[in-house]
Amino acid sequence: MSNVEIAPSIGILTILLFSVFVVDFVVKRNKLTGTNSFAILFFTLLFVVFPETLGDNNAIFTSFFLLLAMRRLLSIKSLKNIKLKIFDAGLWICISSVFYEWALLYLLLVFAAIYIYDPKNIRNWLVLLSVGFCFFMILYGTLVLLDKPNFIFDHYDFAIDYDAIFPIKWWTSLKMTLYGLFNMALAFSAFVNLSKSGVGKVIIMRLIAFSFVIGLIVNILVTTENNNAVMITFFPSVVFIVNYLESIKKPKLLELILIASIMVPIIVFVTKL
């Protein structure tokens, strides 16, 4: 294998590894979890449960840029430099749409954050217009240099491959259904446990839950025979899982659950569920 063929693989592996550390940084910086390594553990285990998503390079890049967007979006809670954080989050989301156009749905998350934290400042809403303009100018200029000016019209067609979605493969459908229900149960548990911890943490969890729902929708919309973007839902899923584990007060029960959490993904991988 030549160096030309190896280089892209090394680049993708680097993005994956960096994504793991970004997840760990975001959850600790925003105090979404305690000071432990559970986030890294379960983010990695989710790749074992859904190994097919590792074959989708677009999903890897989309997930990475969405993580960077979430990092800026969740930091709005400090109410400092709000417009700058909105701009950064919006721009990262737009960049992620270069790989999957439906990732633009994550802009709804930015709207939600503005509505929650500072809706009366009209300039916060106008920032998104500047984001769209800047992204278009940068993208179009780059495409002109690459002699691919038609990419915008070809890529942003928001097409849905119904033949890939239907008929639904039973094993894929079962795994995704269980995954969705599992996270819904964990999210409900997290909201119950956080009801006494203050409004701030609850608001952040609402944004994370919203991002999970958007991620599931985007994953369905971009599904083709070669695409699987479930990776974009891993970050909110990890937050739900770790918050549940930290709510367990009995050490022995926690150890059993951790052992099961490691064994189940391996079993799922081996059986190709």
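This tour moves through the structure from the whole chain to single helices, loops and residues.

**Before selecting anything**

The model is predicted, so local features are taken only where pLDDT is at least 70 and side-chain atom pairs only at pLDDT 80 or more, whereas totals for chains, interfaces and linings use all residues. Residues are numbered from 1 along each chain as its sequence is written, and side-chain values use heavy atoms, with hydrogens and water left out.

**The whole chain**

Begin with the protein chain in cartoon view, where the secondary structure comes to 12 helices and 0 strands; helices (H or I, at least four residues) and strands (E, at least two) are DSSP runs, numbered from the N terminus. Show the C-alpha atoms alone, and they fill a box of roughly 60 × 50 × 40 Å along the principal axes. The radius of gyration of the protein chain is 19 Å, which agrees with the value near 19 Å that a compact globule of 273 residues would have; this radius is taken over C-alpha atoms, and the globule rule is 2.2 Å times the number of residues to the power 0.38.

Colouring by accessibility comes next: buried residues make up 45% of the 273 residues, where buried means under 20% relative accessible area, exposed over 50%, and partly exposed in between (1.4 Å probe, protein chains only). The chain exposes about 15000 Å², of which carbon and sulfur atoms supply 70%; accessible areas come from the Shrake-Rupley method with a 1.4 Å probe, and for residues only the protein chains shown count as cover. Among contacts (heavy atoms within 4.5 Å) between residues at least 6 apart in sequence, 76% join residues at least 24 apart.

**Helix H6 and the loops after it**

Select residues 122–145, which form helix H6; its 24 residues should span 34 Å at 1.5 Å a residue, and the end C-alpha atoms are 36 Å apart, which agrees. The expected span is 1.5 Å times one less than the number of residues. Add side chains for Asn124, Val127, Leu128, Val131, Phe135, Leu139 and Leu143, the buried residues of H6, and then display helix H4 (82–96), helix H5 (107–117) and helix H7 (151–155), against which these buried residues pack.

Step on to Asp147, in the loop between H6 and H7, where a residue that is not a glycine has a positive phi of about 60 degrees. Asp147 is exposed, with a relative accessible area of 66%. A further stop is Phe158, in the loop between H7 and helix H8 (162–165), where phi is near 50 degrees, again a positive value in a residue other than glycine. Phe158 counts as partly exposed, at 34% relative accessibility.

**Buried positions in H3 and H4**

Go back to Ser96 in helix H4, a buried residue with a relative accessible area of 0%. Leaving out residues up to four places away in sequence, Ser96 touches Thr62, Phe65, Leu66 and Ala103.

Leu68 belongs to helix H3 (residues 57–74) and counts as buried at 11% relative accessibility. Its contacts, apart from neighbours within four places in sequence, are with Val22 and Trp92. A distance drawn from Leu68 to Pro265 reads 27 Å, C-alpha to C-alpha, for a pair 197 residues apart in sequence.

**Where H10 meets H11**

Centre on Met205 in helix H10 (residues 199–221), which is buried, with a relative accessible area of 0%. Beyond its neighbours within four places in sequence, Met205 is in contact with Ala190, Phe191, Leu194, Val239, Phe240 and Asn243. Pro236 lies 31 residues from Met205 in sequence and 8.8 Å away in space, C-alpha to C-alpha.

Asn243 sits in helix H11 (residues 234–246) and counts as buried at 10% relative accessibility. With neighbours within four places in sequence set aside, Asn243 is in contact with Leu32, Thr33, Ala190, Lys201 and Met205.

**The surface of H12**

Finish by switching to a surface view and selecting Ile259, Ile262, Met263, Ile266, Ile267, Phe269 and Val270, a nonpolar surface patch with about 660 Å² of accessible area together. Patches are made of residues with over 30% relative accessible area and no salt bridge, with like charges joined within 9 Å and nonpolar side chains (Val, Leu, Ile, Met, Phe, Trp, Tyr) within 5 Å; a salt bridge is a side-chain nitrogen of Lys or Arg within 4 Å of a carboxyl oxygen of Asp or Glu. Val270 lies in helix H12 (residues 251–271) and is exposed, with a relative accessible area of 61%.
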